[in-house]
Amino acid sequence: MPNTRLVYRHRWPVRVMHWINVVCLFVLLGSGLQIFNAHPSLYWGQRSDPGRAVFSLQGGVDAQGAPRGTTRIGSHAFDTTGVLGASQVNGQWRSRGFPAWATIPGPGWLAMGRRWHFFFAWLFVANGIAYVGWSLFSRHLARDLVPTRNDWHGFGRSVIDHLRFRHPAGEEAARYNILQRLAYLVAIFVFGGGIVLMGIAMSPRMDAVLHWLVDFVGGRQSARTIHFIIAVAFVAFVLVHVFEVLVSGPLNQLRGMVTGWYRIRDDNEASRHD
């Protein structure tokens, strides 16, 4: 039986801010979809001209009078009845972008959805600033997230190991690998920074301050589209993250992110799965 020991992998500021982000992202996604449902179409540029949407969710009825939901991406249309475009609310069919179960706080409470979204958006921003500041001060960023030369040399092996669902053992398991480091850096600075900037760029009140940013991305509607795309990227990141947690030992991973203590195996011949 392989030898195991506990190592202190995650310090308390990382754990606290991680769980704050979990709550923020959950509420931001649901309330964001609630806001999106008020006008479930995306455009590129400054204007939202009818018939010029690059993406839209439409509801209606077919030739037989049955409910029909349609997702349009450019000139391509897809039948998504029951999920996107048209879905049931309290047993009745409604024309709505995303289904009621995906929206927060309710199926049609737009004003409260906006309040929830803006409150948790500012909490997300404050938490992000605190995380970056603490990471710089404690050298968590340089020590644990910025890839080293050895990390880059092992990039190919790390990709192959992930594709084969092989996970590190021993001291390698006590630190982030190259793919984790890159994924977290992208999530923090590209996705996190980008979605906040695009959210600000959508606000008419920010034109006098960030008009250059609105012009740079091509207009307020472009900012809204980019904001939506990054939100989808965040969802993809979370799904991959959760999948990796499940296949690499969910109890051990949860213990690490709740208590800070993570169990590693010192026997390199042991199974690479926890």
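Here are some worked exercises on the predicted model shown above.

Residues are numbered from 1 along each chain as its sequence is written, and because the model is predicted, local features need pLDDT of at least 70, side-chain atom pairs count only at pLDDT 80 or more, and totals for chains, interfaces and linings use all residues. Side-chain values use heavy atoms, with hydrogens and water left out.

**Exercise 1. The whole chain**

Task: Describe the secondary structure, the box and the surface of the chain.

Solution.
- Step 1. Begin with the secondary structure: nine helices and eight strands. Both are DSSP runs numbered from the N terminus, with helices (H or I) of at least four residues and strands (E) of at least two.
- Step 2. Along the principal axes, the C-alpha atoms fill a box of roughly 65 × 50 × 35 Å.
- Step 3. The accessible surface comes to about 16200 Å², and 65% of that belongs to carbon and sulfur atoms. Such areas come from the Shrake-Rupley method with a 1.4 Å probe; for residues, only the protein chains shown count as cover.
- Step 4. Of the 274 residues, 37% count as buried. Buried means under 20% relative accessible area, exposed over 50%, and partly exposed in between (1.4 Å probe, protein chains only).
- Step 5. Now take contacts, meaning heavy atoms within 4.5 Å. Among those with a separation of 6 or more, 63% are between residues 24 or more positions apart.

**Exercise 2. Two phenylalanine pairs**

Task: Work out why the rings of Phe119 and Phe120 count as edge-to-face, then treat Phe191 and Phe234 in the same way.

Solution.
- Step 1. Recall the rule: rings of Phe, Tyr and Trp (its six-membered ring) pair if their centres lie within 6.5 Å; planes under 30 degrees apart count as stacked, over 60 as edge-to-face and the rest as tilted. The whole structure holds 14 aromatic pairs.
- Step 2. For Phe119 and Phe120, the centres are 5.2 Å apart and the planes stand at 85°, so this pair is edge-to-face.
- Step 3. Check the surroundings: Phe119 is exposed at 55% relative accessibility, whereas Phe120 is buried at 15%.
- Step 4. For Phe191 and Phe234, the centres are 5.6 Å apart and the planes stand at 65°, so this pair is edge-to-face too.
- Step 5. Phe191 in helix H6 (residues 178-201) and Phe234 in helix H8 (residues 220-247) are 43 residues apart, so to speak linking distant parts of the chain.- Step 6. Both partners are buried: Phe191 has a relative accessible area of 18%, and Phe234 has 9%.

**Exercise 3. A neighbour in helix H8**

Task: Find which residues Phe237 touches, not counting those up to four places away in sequence.

Solution.
- Step 1. Locate Phe237 in helix H8. At 21% relative accessibility, Phe237 is partly exposed.
- Step 2. List the residues that Phe237 touches: Ala183, Tyr184, Ala187 and Phe191.
- Step 3. Take Phe191 from that list: its C-alpha atom is 9.7 Å from that of Phe237, and the two residues are 46 residues apart along the chain.

**Exercise 4. A surface patch and a charge over a ring**

Task: Name the residues of the nonpolar patch and find the ring under the charged end of Arg9.

Solution.
- Step 1. Patches are made of residues with over 30% relative accessible area and no salt bridge; like charges are joined within 9 Å, and nonpolar side chains (Val, Leu, Ile, Met, Phe, Trp, Tyr) within 5 Å.
- Step 2. The patch consists of Leu6, Tyr8, Trp12, Val16 and Trp261, with about 540 Å² of accessible area together. Strand E1 (4-8) and helix H1 (12-36) each give two or more residues to the nonpolar patch.
- Step 3. Trp261 lies in strand E8 (residues 261-265) and is partly exposed at 39% relative accessibility.
- Step 4. The charged end of Arg9 sits over the ring of Tyr262, 4.4 Å from its centre. The rule asks for NZ of Lys or CZ of Arg within 6 Å of the ring centre and within 35 degrees of the ring normal.

**Exercise 5. Salt bridges**

Task: Compare the settings of Arg47 with Asp49 and of Asp151 with Arg175.

Solution.
- Step 1. A salt bridge is a side-chain nitrogen of Lys or Arg within 4 Å of a carboxyl oxygen of Asp or Glu. The structure has seven salt bridges.
- Step 2. In the bridge between Arg47 and Asp49, the closest N and O atoms are 3.0 Å apart. Arg47 is exposed at 58%, and Asp49 is partly exposed at 25%.
- Step 3. Asp151 and Arg175 meet at 3.3 Å, N to O. This pair links distant parts of the chain, with Asp151 in helix H4 (residues 149-153) and Arg175 in the loop between helix H5 (155-163) and H6.
- Step 4. Asp151 is buried at 7% relative accessibility, while Arg175 is partly exposed at 38%.
- Step 5. Finish with the network of salt bridges that links Asp151, Arg175 and Arg181.
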